[in-house]
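These are my notebook entries from a first reading of the structure shown below. I wrote down each item as I looked it up, together with the cut-offs behind the terms.

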Amino acid sequence: MSHALLIENISKRYAGHTAVDNLSLAVPTGSIYGILGPNGAGKSSTLRMVLNIIVRDEGRVSLLGHDPEADRSILRRVGYLPEERGLYKKMNVRDVIVFFAQLKGVAARDARREADRWIDKMGLGEWRNGKVETLSKGMQQKVQFITTVLHDPDLLVLDEPFSGLDPVNQEVLRDTVLEAKQAGKTVIFSTHGMEQAEQLCEYVCIIASGRKVLDGSLREIRRANLGNRYTIEFDHPCEAADRWVRGSRAFIWAERDGDGDGWRVELQPGTDTRDVLKALADLDVPLTRFARVQPSLHEIFVQRVGEAAIAHRRPETAHV
Amino acid sequence: MSETLVILKREFLERVRTKSFVISTLLFPLFMAAMLLLPAQSGGGGGDRDLVLVDEAPAGVGDYLITTLSTPASEDAPSYRIERVPGRMEEVRDELARRVQAREIDGYIYLPPDILDRNEVVYRARNIANFDVLRDIRRAASQGVQAARLMREGLNLGQVMALVRPVDMQTARITSRGEEGGDADSTFAVAFVVAFLIYFMLIFYGMNVMRSVLEEKTSRIAEVLVSSVDATRLMLGKIVGVACVALFQVGIWAVFVAIALSQSDLITRRFGVPPEAFSAMRVDPWVGASLLTFFLLGFFLYAALYAALGAAVTSEQEAQQLQVVVLLPLIVPIMLMTRIAGEPLGTLATVLGMVPFSSPLSMPFRMAATSIPTAQVVGSLLLLAATALFVTWIAGKIYRVGILSTGKRPTLREVGHWMRAA
């Protein structure tokens, strides 16, 4: 399996703290890869080191097969959307897009043609020659996104791309990311929103306090973190059944479902589900559901990172 | 196209397209034209004065005064209409005061009977702040009194007039290429204009660089830029781009000056601008080239400082407070301007001309005032170039870190740390 990005043991230390601590990860080519972590975990610092915006203290980076520190030109094949967005307010929309495309080595004529295509695609045709400052925030985000993808990069690096987007624009972004994947591109994005990661990513890496907590394909991570939780539902309310669930020694705990019709339980480790099923079948009420609960990425995240790590974000300090 | 060129092109086009560029480019020649044309148009500079003469002095003094005042010393000098009023001062004083208040006349001159001994002329007027008028009256009265004293000793009026005829002074600069036209006033004016122009352009375009850096920093554009361009190239592209704007503007002005020079005969005839004003504008090519080099190197030096300043602060207000530090070395030569002009080869002027931070202003000023030894000019240029390179290198380090740092304003210690770290 080839990798669009390989990070080996990179670290970044600032005066008072370590932002990234001996982090390694591998992003398969053509995949959508999520870097997850609480605020201040070191996601942005990692991405910035990948793009050589900040210089890493140690470790190796192979970006599309090249070290960006030694060979900056490789960055022309990368599209970067930073967490905090910004455009030249006084420039007109088309010019600003063409400018950023030219910085990535796109010829002026091609840049103008592609800019027009993307402007129309994103529904910004009316504002083509308007100044950026006259655009709404959502529209500015679209313009910024165009500047990220216009030069047809092989790798998209998106830092918290969904933050600040309204649901409609989130949908637009999701479609574009999926489109990029279909075209064989690799997409890396960081987020602390687990839903997007769950919907989009094939691979994730969870980091906290600058260290990797776990990484791998989402499916494997789910399987490895299945846990022992089940839901139980009966055909109709039955006091005897409820009494049994509450009293059973097979469960570590049992609690009422959200809508009060069923139960959520966690099995004692080593319990054979067949024994539980038999006991349930002997009850005086028909069983309608006995199923293992797939833990959500959010649950895995919270469990692995731990509540303690979800501290409030460190104040941003100078990044050297 | 290389990234640096893309940056440069944007900086140039985005500035040249603005209204403020067009306005400032047009306003300056208009302002200069107004400076040249207005004095010539206002008809003898000081305008007309209607004065009354109360003459109780011995015969001759009053006549002499009227003759002297009625023939203006130069085109710029005020012209006078003198009306002689009979009677003694005590009799006419109230009436004259009334006429002044009613604006029938501007004022009156009183020559007392004992003026030859008392040596005092009385001038009463609505406005006594015009030094040209005071000087003219004092001179006319003095000459009248001197003439009367000489006549008392037995000479006649004709002899006296011939004897006390004032001398005209004609001034011209001597340069290394021999004598050149241009009188003292116009030479000083050109030196003044050139130095102030450089001063304003350094500050104006330096602040342009600073604002541009600050905009990219606060709007976080810098992060995207740095993901495509090396920070040092980004800074260079920006500074060179703004320098191109400045050169473009100077180029436009040079065209205006060239047109004015080619039409100088016509302008002199139509508007009465003295020909010396034009001869002072004809700058020696070697001087012109050195001035341009001083300006460009000075621009790089200060633009780099401004770029570092823009990267180190977090808001325009902070930058305004701190820019005094950047400006101080420029303000010094401006404050000492008259001393530099008075003694362009003196120790003070020579030192200020060599110190890299003040030389971009002091040297043009000295060079416009007189011709400076070539060794000094070249030495000063080399020193300035070396300093500009060094400062750009240091500024690049501050810039590289500063544009990505957010939050609170860094302390001096932190900036020092940036310099070492980058």
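**Entry 1: helices on the six-stranded sheet of chain A**

I began with helix H4 (residues 137-149) of chain A, which lies across E5 and strand E6 (155-159) of chain A and runs at about 160° to E5(A). Before going on I noted that this is a predicted model, in which local features need pLDDT of at least 70 and side-chain atom pairs count only at pLDDT 80 or more, while totals for chains, interfaces and linings use all residues. I also noted that residues are numbered from 1 along each chain as its sequence is written, that chains are lettered from A and ligands numbered from 1 in the order in which they are written, and that side-chain values use heavy atoms, with hydrogens and water left out.

For the terms, helices (H or I, at least four residues) and strands (E, at least two) are DSSP runs numbered from the N terminus, and contact means heavy atoms within 4.5 Å. Axes are lines fitted to C-alpha atoms, for helices over the stretch in contact, and angles run from 0 to 180 degrees between N-to-C directions.

Helix H5 (residues 167-182) of chain A lies across E3, E6 and strand E7 (186-191) of chain A, and I found its direction at about 130° to E3(A).

In which order do the six strands of this open sheet stand? I read the order as E5-E6-E7-E3-E8-E9 in chain A, with mixed pairing, where two strands pair if DSSP finds at least two bridges between them. Strand E5 (78-81) and strand E9 (211-217) of chain A are the edge strands, each pairing on one side only. Neighbouring strands here are turned by 15° against each other on average, direction ignored.

Within this sheet I looked up strand E3 (residues 32-36) and strand E8 (residues 203-208) of chain A, which pair in the parallel sense over four bridges. A:Leu36 stands opposite A:Ile206 of E8(A).

**Entry 2: other strands of chain A**

I then turned to an open sheet of three strands in chain A, with the order E2-E1-E4 and antiparallel pairing. Its edge strands are strand E2 (18-28) and strand E4 (58-63) of chain A, each of which pairs on one side only. The twist from one strand to the next averages 15°. Helix H1 (residues 43-50) of chain A packs on this sheet and touches E1, E2 and E4 of chain A, its direction making about 115° with that of E1(A). Strand E1 (residues 3-13) of chain A runs antiparallel to E2(A) and is joined to E2(A) by seven bridges, and A:Leu5 stands opposite A:Val27 in E2(A).

Strand E12 (residues 262-267) of chain A pairs with strand E10 (residues 229-234) of chain A in the antiparallel sense over five bridges. I noted that the bridge partner of A:Tyr230 in E12(A) is A:Val265.

**Entry 3: cysteines**

How many disulfides does the structure hold over all chains? I found zero, a disulfide being a pair of cysteine sulfur atoms within 2.5 Å. The sulfur of A:Cys201 is 11 Å from the closest cysteine sulfur, in A:Cys205, and therefore too far for a bond.

**Entry 4: helix H16 of chain B**

In helix H16 (residues 347-354) of chain B, the buried residues are B:Ala349, B:Thr350, B:Leu352 and B:Gly353, where buried means under 20% relative accessible area, exposed over 50% and partly exposed in between (1.4 Å probe, protein chains only).

What covers these buried residues of H16(B)? The cover includes helix H14 (316-335), helix H15 (337-342), helix H17 (359-369) and helix H18 (374-402) of chain B. H16(B) and H18(B) pack with their axes 8 Å apart, at an angle of about 40°. That angle makes H16(B) oblique to H18(B), because angles under 35 degrees count as roughly parallel, over 145 as roughly antiparallel, 65 to 115 as roughly perpendicular and the rest as oblique. The contact is made by B:Thr350, B:Gly353 and B:Met354 of H16(B) with B:Gln376, B:Gly379, B:Ser380 and B:Leu383 of H18(B).

Lastly I looked at B:Ser358, which lies in the loop between H16 and H17 of chain B and counts as buried at 4% relative accessibility. Not counting residues up to four places away in sequence, B:Ser358 touches B:Pro329, B:Pro333 and B:Leu352.
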